[in-house]
Amino acid sequence: MTSAPGTSADVVVIGAGFAGLAAARDLRDAGRSVLVLEGRDRLGGRTWRRPFASTNQPIEMGGTWVAPQYQPWVAEEMRRYGLRLAEHALMPSRFVWRFDGAITPGFPLSGQELYELERALYRIIEAAHRIDVERPRDLQALADLDVSVEQFLRAEPMSRRTYEFLSAFGSLGSGAASDEWSALTALSLIAASDRSAYAWFAAVVDKLEGGTQSLLDALVEDGDPVLETSARVTHVRQDEGAVTVTCEDGRTYSAGAAIVTAPVNVWRDIAFDPPLSDAKAALARDGHPNRMGKVWALVEGVPEDAMGFGPGNDLLFVAPQYRVGDAVLIVGFSSPPCLLDVTDGAAVGEAVRAYFPGARVAAVDAHDWVADPFARGGWLTYRPGQATRLMSAVQEPDTRVCFAGADIANGWIGWIDGALESGRRAAGQALSIANQNHGGS
Ligand SMILES: Cc1cc2nc3c(=O)[nH]c(=O)nc-3n(C[C@H](O)[C@H](O)[C@H](O)COP(=O)(O)OP(=O)(O)OC[C@H]3O[C@@H](n4cnc5c(N)ncnc54)[C@H](O)[C@@H]3O)c2cc1C
């Protein structure tokens, strides 16, 4: 469905990722009219399922893996729409570790380093137990944990290798260097993984059958929102009676309330009148540091059962995902401080050969989320100090304008589950505003 410019709706939702579509569905369930404005010419936001290069193999350029055993909002949508987890096409079962510039036989830490690892994991798990993932972090006494990952790890003496091992696992979850992001984000995700540091990495390995598209399709079909694509919102103005939203091409829409689901890193591109409240303005100004590069490569000459991992490598992690003819389609991640240009096929080939020296890379496919004007980065990982200063305030509406998105979730901050959680919370907020507009109906 489309709608004529100037049309009024009870609520206008900005952004058609999981947060926006879940909010739209809930509002329609509550009997409200909803208009969704999406800047891109496609839905899904930071998830994007499409075929790999010139093959028929669908791949996910962005968000992919779910863990319904730990992710209540994903689990609820799966139940509602009868969605299932996909069979694993390939499931790597062993690591190729590359440490200090060389492939190491066996686990890369040994001797004293293993004691250090044990002590660090104890501290990490103990700290994760202090976090209530259902409440904003500024409402809990957690300021001592809201320091950089580097500062948190270095609080105990630790060898360089143990530090690099732990910090690299962190960077795989954050797309940021250890001095850029808060240990509280990592600890929150560990808390959300039932307080298991290993589960945060090892349990989030499942994909939905049909990929993220299956949940996207279900939300669109069920919510049946009035939807405008290629509708990039540039202005959000509110007065006593309504919110007026203007798109880049001049189209203007009005509603009783709005929900902004655009990623935090693009808030600064939207002119809010009146301006964003203080906490949101601060988050918009400083943004988040996630610059994760995700790349797919069609490779011959690699084992189907091994994943590569190692600090200091241009690809921090690589894992086989699908068999395509005689080749293997692998996914790789690159994170600061060793950030690779994932669109540079030759560089990606070199980085794959660091783990699998015989690899022959036939084709590479990636999307640059940092250069993408509708994302300007990966998923949110808080900078030190942000969550314990701002978190509850950024979740609150600015009068008639509500905010949602994985970036400002409580539980799986930055993940699909968090997008669903916060979209549904914002729908509730917008519903209260709409009810007031209708004199409490
Ligand atoms: C490389 C990568 C890998 C990831 N891996 C995983 C994973 O394995 N598992 C997982 O759970 N999560 C993963 N994530 C995170 C997950 O994809 C996101 O957290 C989630 O999809 C965010 O949903 P959202 O609705 O909050 O935001 P988005 O999906 O970003 O949706 C916001 C929407 O707003 C639109 N928009 C922005 N500005 C405007 C504007 N001015 N006007 C109109 N529309 C606008 C955007 O185009 C977008 O469609 C990954 C993300 C990336 C980038």
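When I call a residue buried, I mean that its relative accessible area is under 20%, exposed means over 50%, and partly exposed covers what lies in between. With that in mind, Asp-100, at 44% relative accessibility, counts as partly exposed. I should say at once that what we have in front of us is a predicted model, and I will speak of it in that spirit.

Let me stay with Asp-100 for a moment, since its backbone deserves a look. The residue sits in the loop between strand E5, residues 94-99, and strand E6, residues 102-104, and it has a positive phi of about 50° although it is not a glycine. Most residues other than glycine have a negative phi, and most peptide bonds are trans. Ser-230 is another residue of this kind, with a phi near 50°, again positive in a residue other than glycine. Ser-230 is found in the loop between strand E7, residues 226-228, and strand E8, and because its relative accessibility is 44%, it counts as partly exposed.

Now to the cis peptide bonds. One runs from Asp-273 to Pro-274, with omega near 0°, and Pro-274 lies in the loop between strand E11 and helix H9, which spans 278-286. Another joins Pro-336 and Pro-337, with omega about 10°, and here Pro-337 has its place in the loop between strand E15, 327-334, and helix H10, 345-353.

Asp-273 brings us to the strands, because it appears there too. Which residue in E11 does Arg-237 stand opposite? It is Asp-273, and the setting is a pairing in the parallel sense, over three bridges, between E8 and E11, the latter being residues 271-273. E8, residues 233-238, is also joined by five bridges to strand E9, residues 243-247, and those two run antiparallel. A hairpin of four residues connects E8 to E9, and within this pairing Val-233 has Cys-247 in E9 as its bridge partner.

Let me turn to the aromatic side chains, where the structure holds 17 aromatic pairs. In one of them, the ring centres of Phe-95 and Trp-97 are 4.3 Å apart and the planes stand at 20°, so the pair is stacked. Are these two rings buried or exposed? Phe-95 is partly exposed, with a relative accessible area of 22%, whereas Trp-97 is buried, at 8%. A further pair is made by Phe-169 and Phe-309, whose centres lie 4.3 Å apart with the planes at 25°, so this pair too is stacked. What I would point out is that this pair links distant parts of the chain, 140 residues apart, with Phe-169 in helix H5, residues 160-174, and Phe-309 in strand E13, residues 306-309. Phe-169 counts as partly exposed at 22% relative accessibility, while Phe-309 is buried, with a relative accessible area of 0%. Ring pairs link these residues into a cluster, made up of Phe-95, Trp-97, Phe-107, Phe-165, Phe-169, Phe-201, Phe-309 and Phe-317.

Charges also sit over rings in this model. The charged end of Arg-50 is placed over the ring of Trp-48, 4.9 Å from its centre, and Arg-232 lies over the face of Phe-374, at 5.1 Å from the ring centre.

Finally, a word on annotation. An unreviewed UniProt entry lists residues 18-430 as "domain: Amine oxidase". In the model, that span is 32% helix and 20% strand, and its end C-alpha atoms lie 17 Å apart.

Note on methods
Residues are numbered from 1 along each chain as its sequence is written. This is a predicted model: local features need pLDDT of at least 70, side-chain atom pairs count only at pLDDT 80 or more; totals for chains, interfaces and linings use all residues. Side-chain values use heavy atoms; hydrogens and water are left out. UniProt positions are given in the numbering used here, feature names are shortened, and annotations may be inferred rather than shown by experiment. Rings of Phe, Tyr and Trp (its six-membered ring) pair if their centres lie within 6.5 Å; planes under 30 degrees apart count as stacked, over 60 as edge-to-face and the rest as tilted. Buried means under 20% relative accessible area, exposed over 50%, partly exposed in between (1.4 Å probe, protein chains only). A charge sits over a ring if NZ of Lys or CZ of Arg is within 6 Å of the ring centre and within 35 degrees of the ring normal. Two strands pair if DSSP finds at least two bridges between them.
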